[in-house]
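Here is a short report on one protein model. Look at the structure first, then read on.

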Amino acid sequence: METVISRLRFRKKMQKYGAVGSITVRNNFAYLRSFFIRSWFLLVILFIFVQLWRITYQGEGSPVISGYTYEQMIWYLIFAESIILSSPRLSVKIEEEVIKGDVGYQLTRPMSYLLYHYFSYMGEAYVRLGINLSLGSALGITLFGWPHFGFGWLGFLLISVGSFTVNYLMTMILSLCSFWVEETRGLVFVYNKILFIIGGLMLPLEIFPGYLQTICHWLPFQTITYFAANTGVHFEWLTLGKRVLIQTAWILLLSFLLHRVYEKGVRKLHVNGG
């Protein structure tokens, strides 16, 4: 009997958070035109990379660089840029809630503060991803025709769930530092630059020197962009399974760290009378 009651409570909780994600999706659909206008920046970035890599491949005189053809390299960048540009600006929202004191009202809601923001984050991220991936794919198809990635599209979408989740956890940990410092955007800025370089956004990790690849493989940044983009162009079921397990391990570890930071932050807020 207790098990049945627990299951019903769990279902109601999940329905509640599912509703948060659904409302976020509907709200963001109201601003599709704005998203499309902002997403044109993606095409500008990709156009620059197309020119740079065309010259690079011509200069190398080889159709393959570090296991990527020219077409695969551009599609890798399309996938990677789509993930990053689709990630909502969570730090700005959390920082404003803490500074203005709105977080106190958020804590009184009959739902987890962290899960509320997570489902809201995921809802917005996938609306943005649909737009960015559509525009990026339109450019890729125009340049190379329809790609033959097999199950790469499916693998990309599966990995993207873990990618957005890890990015949310890391960004939220940094954002909650606003309980102690007023400005966290600098921390998030540094994090984003690290993600650009050793997360596999600017370059696939295969291009890095061997020792740097080893370091990157022990860090969580690869799980956000490199895993998703590489899975899209070089799909393998075994590799997909390994990457899901690695993402899951990092999600568990980062979730633990996030809860610790959150508990200390809330305790500090209560002590200060917030």
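Met-73 counts as buried, because its relative accessibility is 0%. This residue belongs to helix 3. The model is a predicted one. Which residues does Met-73 touch, not counting those up to four places away in sequence? They are Trp-53, Tyr-57, Ile-65, Tyr-68, Pro-204 and Ile-207. Val-50 sits 23 residues from Met-73 along the chain, and 9.1 Å separates their C-alpha atoms.

**The overall layout**

The protein has 11 helices and two strands. Read from the N terminus, the order of elements is α-α-β-β-α-α-α-α-α-α-α-α-α. The protein has 274 residues, and 46% of them are buried. Take the contacts in the protein with a separation of 6 or more: 80% of them join residues 24 or more positions apart.

**Three residues of helix 3**

Helix 3 covers residues 70–86, and Phe-79 is in it. Ile-84 lies in helix 3 too. The table sets these two beside Met-73, each with one partner from elsewhere in the chain.

| Residue | Relative accessibility | Partner | Sequence separation | C-alpha distance |
|---|---|---|---|---|
| Met-73 | 0% | Val-50 | 23 residues | 9.1 Å |
| Phe-79 | 0% | Leu-133 | 54 residues | 7.1 Å |
| Ile-84 | 13% | Phe-164 | 80 residues | 8.9 Å |

Is Phe-79 buried or exposed? Phe-79 counts as buried, because its relative accessibility is 0%. Ile-84 has 13% relative accessibility, so Ile-84 counts as buried as well; the cut-off for buried is under 20%.

Now consider contacts, leaving aside neighbours within four places in sequence. Phe-79 is in contact with Leu-133, Phe-149, Trp-153, Phe-156, Ala-229, Gly-232 and Val-233. Ile-84 is in contact with Leu-195, Phe-196, Leu-201 and Thr-225.

**The nonpolar core**

The largest nonpolar core holds 71 residues. Which of them touch the most other members? They are Trp-53, Phe-79, Leu-114, Tyr-168, Met-172, Leu-176 and Leu-258. Several helices each supply at least two residues of this core. Among them are helix 2 (32–60), helix 3, helix 4 (90–100) and helix 6 (113–144). Helix 7 (152–175), helix 8 (185–198), helix 10 (226–233) and helix 11 (237–271) do so too. Helix 6 gives the most, with 12 residues.

Tyr-168 is worth a look. Not counting residues up to four places away in sequence, Tyr-168 touches Leu-90, Leu-114, His-117, Tyr-118, Tyr-121 and Leu-258. Two of these partners, Leu-114 and Leu-258, are also listed with Tyr-168 as residues that touch the most other core members.

**Helix 3 against helix 7**

Two packed helices are described by the angle between their axes and the distance between the axes. For helix 3 and helix 7, the angle is about 35° and the axes are 11 Å apart. Their crossing is right-handed. Which residues meet here? From helix 3 come Trp-75, Phe-79, Ile-83 and Ser-86. From helix 7 come Trp-153, Phe-156, Ser-160 and Phe-164. By class, this contact of helix 3 with helix 7 has six nonpolar residues, two polar ones and no charged ones.

**Aromatic rings**

One aromatic cluster is formed by Trp-75, Phe-79, Trp-146, Phe-149, Trp-153 and Phe-156. The structure holds 22 aromatic pairs. One of them joins Tyr-76 and Tyr-226, with ring centres 6.5 Å apart. Their planes lie at 55°, so this pair is tilted. Tyr-76 lies in helix 3 and Tyr-226 in helix 10, so the pair ties together parts 150 residues apart in sequence. Both Tyr-76 and Tyr-226 are buried.

Tyr-226 forms another aromatic pair, with Phe-227. The centres are 6.3 Å apart and the planes are at 55°, a tilted arrangement. Phe-227 is buried, as is Tyr-226.

**A positive phi**

Most residues other than glycine have a negative phi. Ser-66 has a positive one, near 55°. Where is Ser-66 found? Its place is the loop between strand 1 (64–65) and strand 2 (68–69). Ser-66 is partly exposed, because its relative accessible area is 35%.

Note on methods. Residues are numbered from 1 along each chain as its sequence is written. This is a predicted model: local features need pLDDT of at least 70, side-chain atom pairs count only at pLDDT 80 or more; totals for chains, interfaces and linings use all residues. Side-chain values use heavy atoms; hydrogens and water are left out. Helices (H or I, at least four residues) and strands (E, at least two) are DSSP runs, numbered from the N terminus. Buried means under 20% relative accessible area, exposed over 50%, partly exposed in between (1.4 Å probe, protein chains only). Contact means heavy atoms within 4.5 Å. A nonpolar core is a set of buried Ala, Val, Leu, Ile, Met, Phe, Trp, Tyr and Cys residues joined through side-chain atoms within 4.5 Å. Axes are lines fitted to C-alpha atoms, for helices over the stretch in contact, and angles run from 0 to 180 degrees between N-to-C directions. A crossing is left-handed if the near helix is turned anticlockwise from the far one by less than a right angle, and right-handed if clockwise. Ala, Val, Leu, Ile, Met, Phe, Trp, Tyr, Cys and Pro count as nonpolar, Asp, Glu, Lys and Arg as charged, and the others, Gly among them, as polar. Rings of Phe, Tyr and Trp (its six-membered ring) pair if their centres lie within 6.5 Å; planes under 30 degrees apart count as stacked, over 60 as edge-to-face and the rest as tilted.
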